[in-house]
Amino acid sequence: MLPEELGQLTKLKRLDLRSCSKLKRIPPGILCKLSRLEELSMGDSFVEWGAEGHSSLQSNSRLAELKALSCLTALEIHISNAKIIPKDFSFEKLQRYIIFIGEASHWDWKWGWVREYSRTLNLNLQTSISFLNNGVKVLLKKAENLYIGEVNGVEILLHESEFGNYFKQLRNLHIQNGAMVQYILKDGDAVQKIEFLQLESLTLKGLPDLISFCSKNEGSTSISPQEIALFKQQ
């Protein structure tokens, strides 16, 4: 358990709890007192975040406490259940982050591997990423390194109508384990198109039904090279 006295360190700017795999409890009210905190690192560590509305004395700190950290610019964290993320939760001020949302998967994920990127997001949601709240979608939009795994019941992963103007800073895209995924991207009539202008590395793995990266818009008879230029021309 994290000692409650830690909350008295109100001038603390950096808290590193990485690889504290046996840390199971952070009492409520500690993290929100660290109002000057700029960096919080909890990779491969605490995952037992409390759910909203649970007021037991034995409950854990909730993610909502992080909203009090107005100086926070760097965050490394694992959130095992996307449903406990508050709807009004905002990550807009983060400049650097490694955030894993979802249950740990059986495929390799090493926190140390991803630190070459400033902004990494790992989504292992067991469902469509369309259900993410707006705060997480801000992270998605700014990510340089994106992992999407264990996608169930989804034939088209990304729709331009929803994710247009995203991924322009993305350098690495790793998509794995989607038994029903047929297309990564649905080409639509959205004004803002999905473009991968900075992409350096692409991994598509464990997608047995994959037909093509991009599905053409229904009714389209011809598409110019400019209209399907998803990637930066060299």
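Where does Tyr117 lie? Select Tyr117 in the viewer: the residue is found in the loop that runs between strand E4 (96-102) and E5. The model on display is a predicted one.

**Tyr117**

With Tyr117 selected, colour by accessibility. Its relative accessibility is 13%, and because buried means under 20%, Tyr117 counts as buried. Next, display the surroundings of Tyr117: leaving aside neighbours within four places in sequence, it is in contact with Glu144, Asn145, Arg171 and Asn172. Then add Tyr97, which is 20 residues from Tyr117 along the chain; the two C-alpha atoms are separated by 8.8 Å.

**The nonpolar core**

Proceed to Ile99 and Phe167. These are the residues with the most contacts inside the largest nonpolar core, which has 57 residues. To trace that core through the fold, highlight the elements that give two or more residues to it: strand E3 (74-79), E4, E5, H1, strand E6 (145-149), strand E7 (156-159), strand E8 (172-176) and strand E9 (183-186). Centre the view on Phe167 and show its contacts: not counting residues up to four places away in sequence, Phe167 touches Leu140, Lys141, Leu146, Leu158, Ile194, Glu195 and Phe196.

**Helix H1**

Leu140, one of the residues touched by Phe167, leads to H1, where it is buried together with Gly135, Val136, Lys137, Leu139 and Lys142. Show what covers these buried residues: the cover includes E4, E5, E6 and helix H2 (160-163). At the N-terminal end of H1, select Asn133, which caps the helix; a side-chain oxygen of Asn133 lies 3.1 Å from the backbone nitrogen of Gly135.

**Ser128**

Now step back along the chain to Ser128, in the loop between strand E5 (119-124) and helix H1 (134-142). Is Ser128 buried or exposed? Its relative accessibility is 13%, so Ser128 counts as buried. Draw a distance from its side chain to the backbone nitrogen of Ser130, and the value is 3.0 Å. A second distance, between the C-alpha atoms of Ser128 and Val154, comes to 6.3 Å, although the two residues are 26 apart along the chain.

**Ser41**

The tour ends at Ser41, placed in strand E2 (residues 39-41). Which residues does Ser41 touch, not counting those up to four places away in sequence? Display Leu15, Asp16, Leu17, Arg18 and Glu76 to see these contacts of Ser41. With a relative accessibility of 10%, Ser41 counts as buried.

Technical notes:
Residues are numbered from 1 along each chain as its sequence is written. This is a predicted model: local features need pLDDT of at least 70, side-chain atom pairs count only at pLDDT 80 or more; totals for chains, interfaces and linings use all residues. Side-chain values use heavy atoms; hydrogens and water are left out. Helices (H or I, at least four residues) and strands (E, at least two) are DSSP runs, numbered from the N terminus. Buried means under 20% relative accessible area, exposed over 50%, partly exposed in between (1.4 Å probe, protein chains only). A polar contact is a pair of N or O atoms within 3.5 Å; within protein, one must be able to donate a hydrogen and the other to accept it, and residues adjacent in sequence count only if both atoms are side-chain atoms. Contact means heavy atoms within 4.5 Å. A nonpolar core is a set of buried Ala, Val, Leu, Ile, Met, Phe, Trp, Tyr and Cys residues joined through side-chain atoms within 4.5 Å.
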